[in-house]
Every structure is written in C-alpha cells, then in structure tokens.
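Open the model in your viewer and keep the selection tool at hand. The tour goes from the overall fold to single residue pairs.

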Amino acid sequence: MCSLCGVLGGNEHWTDAAARPGVFTRNDSRLDRRRERANRVAAANRMLAAFGLVLSDWQGASFVLSTKTGKSEIVEDLGHLWPAAERLIGRPCDPLDPGLIARMEVGRDA
C-alpha cells in the first residue's frame, strides 16, 4: 500500500476525538473535533519550537513536521511525533527534560 492510501485509511489514534455511538466525547460535532486537533497542534508547537521544529495539520488525517530549513516528514499521529523529531534534527528530543519545562514555564508567565 502506498503511504497516501495509508493516510486516507482513517485509522484513529487515541488522542483523536471520535464521534461514534457508544463512545463518550464532549466533541460530538466535526467543528469541535477540528478545534481540539488545532489546540493539540498548538500545544505541540510550543514544545517543538525549542528544537527548531514546526508541526502542522494535514487535512485532519495526519501531521507534517518540518525543520526551519524545510526538511519535513509526515507524522501519522502524535504517538509518532517525537521519534520523527529526532530523525529530522539528528539528535535526541526529550519533551520531559526538566530544563526545557522550566524554560517553558518562565516563558508562559511573560
């Protein structure tokens, strides 16, 4: 299967809101689910900025992770984000690094 067919297959990750009978979610409308996805992208970008990376939504089906130089990789879901980030920049990316978290906390107060 080509990668595009895999993207269009609609596999859902646990971080994605779903509107199905029997599944509880506060985001039962398509607009609410897209808004929640945009909020997740914005939160990820606050962390990724420390590594010189940017995440963007791609048609609500996957994500595109890019460097400042334009190097990019399609990321199927947020579970694959950090390994892709490490491949793109060629070094470890630890979003739970205490120093990074401290810098983000200081930046939030400003």
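Contact here means heavy atoms within 4.5 Å. With that cut-off, consider contacts in the protein between residues at least 6 apart in sequence: 29% of them join residues at least 24 apart. Note before going on that this is a predicted model.

**Whole chain**

Color by secondary structure. The protein has 4 helices and 3 strands. Trace the elements from the N terminus: they run α-α-β-β-β-α-α. Now color by accessibility. Of the 110 residues, 29% count as buried.

**The sheet**

Select the three strands. They form an open sheet in the order β1-β2-β3, and the pairing is antiparallel. Which strands stand at the edges? They are β1 and β3; each has a single partner strand, so one side of each is left without a neighbour in the sheet. Look along the sheet for its twist, which averages 25 degrees from one strand to the next.

Zoom in on β2, residues 62–67. Strand β2 pairs with β3 in the antiparallel sense over 4 bridges. Show Val64 as sticks: Ile74 in β3 stands opposite.

**Helix α2 on the sheet**

Add α2, residues 30–48. This helix lies across β1 and β2. Compare directions: α2 runs at about 165 degrees to β1.

**Where α2 meets α3**

Add α3, residues 81–89. Helices α2 and α3 pack at an angle of about 40 degrees, and their axes are 13 Å apart. The crossing is right-handed. Which residues make the contact? On α2, select Ala44, Met47 and Leu48; on α3, select Leu81, Trp82 and Ala85. Color these by class: the contact has 6 nonpolar residues, no polar ones and no charged ones.

**Salt bridges**

Switch to the charged side chains. The count comes to 4 salt bridges.

Start inside α2. Select Glu36 and Arg40, which form a salt bridge with the closest N and O atoms 2.7 Å apart. Both residues sit in helix α2, 4 residues apart, about one turn of the helix. Are Glu36 and Arg40 buried or exposed? Both are buried.

Next, select Arg37 and Asp57. Here the closest N and O atoms of the salt bridge are 2.8 Å apart. Arg37 lies in helix α2 and Asp57 in strand β1, residues 53–58, so the pair ties together parts that are 20 residues apart in sequence. Check the surface at each end. Arg37 is buried, with a relative accessible area of 5%. Asp57 counts as partly exposed, at 31% relative accessibility.

Move to α3 and select Arg87 with Glu73. This salt bridge brings the closest N and O atoms to 2.4 Å apart. Arg87 lies in helix α3 and Glu73 in strand β3, residues 72–75, so the pair ties together parts that are 14 residues apart in sequence. Turn the surface on again. Arg87 counts as exposed, at 51% relative accessibility. Glu73 is partly exposed, with a relative accessible area of 21%.

For the last stop, add Arg34 to the selection of Arg37 and Asp57. Salt bridges that share partners join Arg34, Arg37 and Asp57 into one network.

Note on methods: Residues numbered from 1 in each chain as written. Predicted model: local features only at pLDDT ≥ 70, side-chain atom pairs only at ≥ 80, totals over all residues. Heavy atoms only, no water. Axes fitted to C-alpha atoms, helices over the stretch in contact; angles between N-to-C directions. Helix = DSSP H or I, 4+ residues; strand = E, 2+ residues; numbered from the N terminus. Left-handed = near helix turned anticlockwise from the far one by under 90°. Nonpolar A, V, L, I, M, F, W, Y, C, P; charged D, E, K, R; others polar. Buried < 20%, exposed > 50% of the residue type's maximum accessible area, 1.4 Å probe, protein only. Pairing = 2+ DSSP bridges.
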